Amino acid sequence: MHNKGLKGSGIKIAVFDAGFFKYLSYDAFDSLRKKEKVKYTWDFVSNHRFVDEDDAHGMSCLSIMAANLPGRFVGSSPEADYYLFRTENATSEYPIEEVNWLMAAERADSIGVDIISSSLGYTTFDDNIFDHSYNDLNGTGTIVSKAATMAVSKGMVVSSSAGNEGDDPWK
């Protein structure tokens with residue numbers, strides 16, 4: 001795709017995760033910083049603009065799209081504009097994180113984002129009264145499912161990874 005000139009130019013991508021630890025200091029993101037490709041950040045967990053001091057999972061996911069180490073690795077969309085949202089508290093698991101996801105999707109819509117990339121899943125919580133059953137994961141039964149459906153209806157592409165736990169009992 002890169003050989004055909006498809007590098008994400010003109011595309012707005014929102015990344016929802018548990019944090020983007022040290023993305024501001026890693027060489028892999030130098031061009032992202034120099035070209036000012038991170039247009040907006042917001043931490044819905046702590047309610048402030050900084051997303052680089054918490055968990056590193058989002059930074060790893062961002063690297064797949066935006067990292068640029070010439071001759072070694074170039075992400076899929078190094079020329080896209082990025083909007084980084086911390087919606088997940090990595091130290092606990094409660095339904096408020098689904099609400100954070102919903103609020104991030106609303107913010108992404110207001111900004112005109114084209115793609116939401118989210119590598120988060122919600123099935124079990126610290127208090128099992130909130131747990132989702134397998135039947136709840138039907139595309140319309142949870143807050144995140146409803147929010148993702150709304151985002152798609154507005155024209156956004158929503159990519160939600162579930163590759164790490166597909167062989168678990170909930171599938």
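In this predicted model, T87 sits in the loop between β5 and α3. At a relative accessible area of 0%, T87 falls under the 20% cut-off and so counts as buried. Leaving aside residues up to four places away in sequence, its neighbours include F16, D17, F44 and V45. T87 also touches L120 and Y122, and from α3 it picks up E97, N100, W101 and A104. Those four turn up again in the list of buried residues of α3, so the helix itself is worth a look next.

Helix α3 runs over residues 96-111, 16 residues in all. From its first C-alpha to its last it reaches 23 Å, close to the 22 Å expected at 1.5 Å a residue. Its buried residues are E97, E98, N100, W101, A104, A105 and A108. Viewed down the axis of α3, these fall within an arc of 150°, which means that they line one face of the helix. The spacing fits the usual geometry: an α-helix has 3.6 residues a turn, so residues three or four places apart point the same way. I96 and S110, on the other side of α3, are exposed. Just past the helix comes G112, with a positive phi near 90°.

What lies over the buried residues of α3? The cover includes the strands β1 (12-17), β5 (81-86), β6 (115-118) and β7 (157-160), along with helix α4 (143-153). As for how the two helices pack, the axes of α3 and α4 come within 9 Å and cross at roughly 10°. With angles under 35 degrees counting as roughly parallel, α3 and α4 are therefore roughly parallel to each other. On the α3 side, the contact is made by E98, V99, W101 and L102; α4 brings in I143, V144, A147 and A148. Sorted by class, the contact has seven nonpolar residues, one charged and no polar ones. W101 has a part in both stories, since it touches T87 and also belongs to the contact with α4.

K39, in strand β2 (residues 38-43), gives another picture. Its relative accessible area is 42%, so K39 is partly exposed, whereas T87 is buried. Not counting residues up to four places away in sequence, K39 touches D81, Y82 and Y83. The C-alpha atoms of K39 and A14 are separated by 9.9 Å, with the two residues 25 apart along the chain.

Methods
Residues numbered from 1 in each chain as written. Predicted model: local features only at pLDDT ≥ 70, side-chain atom pairs only at ≥ 80, totals over all residues. Heavy atoms only, no water. Expected span 1.5 Å × (residues − 1). Buried < 20%, exposed > 50% of the residue type's maximum accessible area, 1.4 Å probe, protein only. Arc of directions from axis to C-beta. Contact = heavy atoms within 4.5 Å. Axes fitted to C-alpha atoms, helices over the stretch in contact; angles between N-to-C directions. Parallel < 35°, antiparallel > 145°, perpendicular 65-115°, else oblique. Nonpolar A, V, L, I, M, F, W, Y, C, P; charged D, E, K, R; others polar.
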